[in-house]
Amino acid sequence: MQLYDPTTSAPQRNLSRAAPLASLDGKRIGILENGKLNATEMLHEVALLFEERHGCKVGAVYCKLNASAPAPAAMLAKAGQEVDFLITGLGD
Amino acid sequence: MPRDARIHEVPDDLLAAIDYCYGQGWTDGLPVVPPTVERVHATLTYEGRPPETVIATHAATGLELSVHAAAVNAVMAGCLPQYFPVLVAAFEAMDKPDFNFHGSTASTGGSAPLLIVSGAVADDIGMNADVNLFGPGNRANATLGRAVRLILHNVFQMIPGISDKSTQGNPGKYSFCIAERMRGNPWPLICETQGYPKGVSSVTVFAAGGFCNVENHGGNTPEQVLSSIADAMANYGCITLGQSVVVLSPEHMRIVAGAGWSREEVQAFLFTHAKRSVEGMKSVGKYRGSEYDKQHGASAHALVESGYIHRGLAPDDILITLGGGDAGGHSCFIPSWSRGRGSIMQHGPIGVCIDCR
Amino acid sequence: MLCTEPFEVTARNIARVLGLPGYPFLMVPHPIGSCTLRELKDRAQVAYEQALPILLQA
């Protein structure tokens, strides 16, 4: 008996992590909010620690209109240009 | 067949093949029909486009549903080949960004896609719009809904516990597919209100958060019947800015439409009365100023009442139709997934392309 | 990327599917939605400590 496989393979991607930072001093932070309860507050509290301890600054705050959909590609591309690292959340 | 279509050689023993499918992790917990090459090819004859045609793409991962993969999972669900156009239309509707099938499936909210088939196709393929509407027993209803789940699981890898994080899920995740009742329906069919040409059937997809039976055997005016439905819609566990589906039983429809109420009048009544006070919402920790502002802002609907959160943003957020058996004062309310507008119901024509290039 | 503990398996799965298995996440206790400010600050400290090596090391 021959059965077709009902699954699909993930598309091949060529992704890599961003290079590590040489230091955190004065770096620009981006925050990507997802609209979930307390998400804004949580992400800003994390950012605050980097501001207080490393002189980082929150340079940009991006907002996903839909918590459960991926952030628009253009938004992420913009973030890549405007900040040194981005703080965001996944799940609830 | 698509170049990457994979074949599994298994012994010529049906029960062993069923066990093989279990072993591969391809099922929803129930036995599946082994997707033999012959049955998949028979299903594909009901779709005119090449089998490698992509009909839906997962926004988060890029995983794609081809016509071929849809046919394989349709066979596994137990679908007859003639059901296939409904399944294809359903996923093309679910693929519309505003439906957000990733979010609605992955969420702790535990929604299931509800399919409502409207028009002649429902009768053509023998769907049930009558007694035991949401229950088991009808092959088309049961297997179409099941095929949706198998595709979400097998193609889009929405695996319970891993990428499907439903806290409790809901029984509709096994299968949630009905036909709109045409017999005795005093209102235009859903497919007609959706603007499709005469003779074209449609499937509406809705990320459904659950199912609430609304029983009322004593009410004998539209206001009494609809007030009980509005109360169900406003329960603290459900009240959000999201959309709703209401299926009126024939007994309730006779009271409502029998008094001359149109669909629009029913929608307006339900929207007006399905509400909770701001104080009440605060008392249970569910008040959000941003949601109140969204509903009461510059584009607020005329029926929105100050000091209250209504269910939905406008009366046409409530899809209402007729379904179920002739006996029983039991209608139902089906809430949307999401606190608000994370998924908006979509629809598509079945078996035809309306605005093809 | 902040993640609460029940979503760890989800995060690791999406990283794998997207071609970055082993992508490091910041794990904090669940939930977030009902936390007080004090609880959020405690979770922020946990996240900050995990973030340092992620940002500074390859």
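In helix H10 of chain B, which covers residues 250-258, the buried residues are Pro250(B), His252(B), Met253(B), Ile255(B), Val256(B) and Ala257(B). The model described here is a predicted one. A helix of this kind has a regular spacing: an α-helix has 3.6 residues a turn, so residues three or four places apart point the same way. The buried residues of H10(B) pack against two helices, H9 and H11 (263-273), and against three strands, E8 (244-248), E11 (318-322) and E12 (330-335), of chain B. After H10(B) comes Gly260(B), with a positive phi near 90 degrees.

Helix H9, one of the packing partners of H10(B), offers a good place to look at a single residue. Ser228(B) sits in this helix, which spans residues 222-233 of chain B. Is Ser228(B) buried or exposed? The answer falls in between: 19 other C-beta atoms lie within 10 Å of Ser228(B), and a residue needs 20 or more to count as buried, so Ser228(B) is partly exposed. Apart from neighbours within four places in sequence, the contacts of Ser228(B) are Val214(B), Asn216(B) and Gly219(B). With Val214(B), the separation is 14 residues in sequence and 7.0 Å in space, taken from C-alpha to C-alpha.

From here the view can widen to chain B as a whole. Its domain assignment gives two parts, domain 1 (1-209) and domain 2 (210-335). The centres of these two domains, taken over C-alpha atoms, are 28 Å apart. Across the boundary, 21 residues of domain 1 are in contact with 15 residues of domain 2 of chain B. On the domain 1 side, strand E6 (residues 202-208) of chain B gives the largest share, three residues. That side of domain 1 has eleven nonpolar, seven polar and three charged residues.

The two domains also share an interior. The largest nonpolar core has 104 residues, and the members that touch the most others are Ala70(B), Leu87(B), Ala90(B), Leu115(B) and Leu270(B). Both domain 1 (1-209) and domain 2 (210-335) of chain B give residues to this core, so it lies between them. Leu115(B) shows what such a position looks like from within. Once neighbours within four places in sequence are set aside, Leu115(B) is in contact with Ala90(B), Leu144(B), Gly145(B), Val148(B), Phe176(B), Cys177(B), Val203(B) and Val205(B). A second core, separate from this one, has 26 residues, among them Leu32(A), Phe7(C), Val28(C) and Ala47(C).

Chains A and C meet in a sheet. Which strands make it up, and in what order? The sheet is open and has five strands, ordered E3(A)-E2(A)-E4(A)-E1(C)-E2(C), with parallel pairing. Strand E3 (57-63) of chain A and strand E2 (26-28) of chain C stand at the edges; each has a single partner strand, so one side of each is left without a neighbour in the sheet. On average, neighbouring strands are turned by 25 degrees against each other, direction ignored. Within chain A, strand E2 (residues 28-33) runs parallel to strand E4 (residues 85-90), and four bridges join the two. Here Ile29(A) stands opposite Phe85(A) in E4(A).

Helices from both chains pack on this sheet. Helix H2 (residues 73-82) of chain A touches E2, E3 and E4 of chain A, and its direction makes about 175 degrees with that of E3(A). Helix H2 (residues 37-56) of chain C lies across E4 of chain A as well as strand E1 (2-4) and E2 of chain C, and runs at about 165 degrees to E2(C).

Chain C itself has two helices and two strands, which follow one another as β-α-β-α from the N terminus on. Its C-alpha trace spans about 35 × 25 × 10 Å along its principal axes. Of its 58 residues, 28% count as buried. Among the contacts in chain C with a separation of 6 or more, 55% come from residues 24 or more positions apart.

Finally, chain A also meets chain B. In this interface 17 residues of chain A are in contact with 36 residues of chain B. The side of chain A that touches chain B has nine nonpolar, six polar and two charged residues. Strand pairing links these chains too: strand E1 (residues 2-4) of chain A and strand E1 (residues 7-9) of chain B run antiparallel and are joined by three bridges. In E1(B), Ile7(B) is the residue that stands opposite Tyr4(A).

Terms used:
Residues numbered from 1 in each chain as written. Chains lettered and ligands numbered in written order. Predicted model: local features only at pLDDT ≥ 70, side-chain atom pairs only at ≥ 80, totals over all residues. Contact = placed C-beta atoms within 7 Å. Nonpolar A, V, L, I, M, F, W, Y, C, P; charged D, E, K, R; others polar. Pairing = 2+ DSSP bridges. Axes fitted to C-alpha atoms, helices over the stretch in contact; angles between N-to-C directions. Buried ≥ 20, exposed ≤ 12 C-beta atoms within 10 Å, placed from the backbone. Core = buried A, V, L, I, M, F, W, Y, C linked by C-beta atoms within 7 Å. Domains from an automatic or database assignment.
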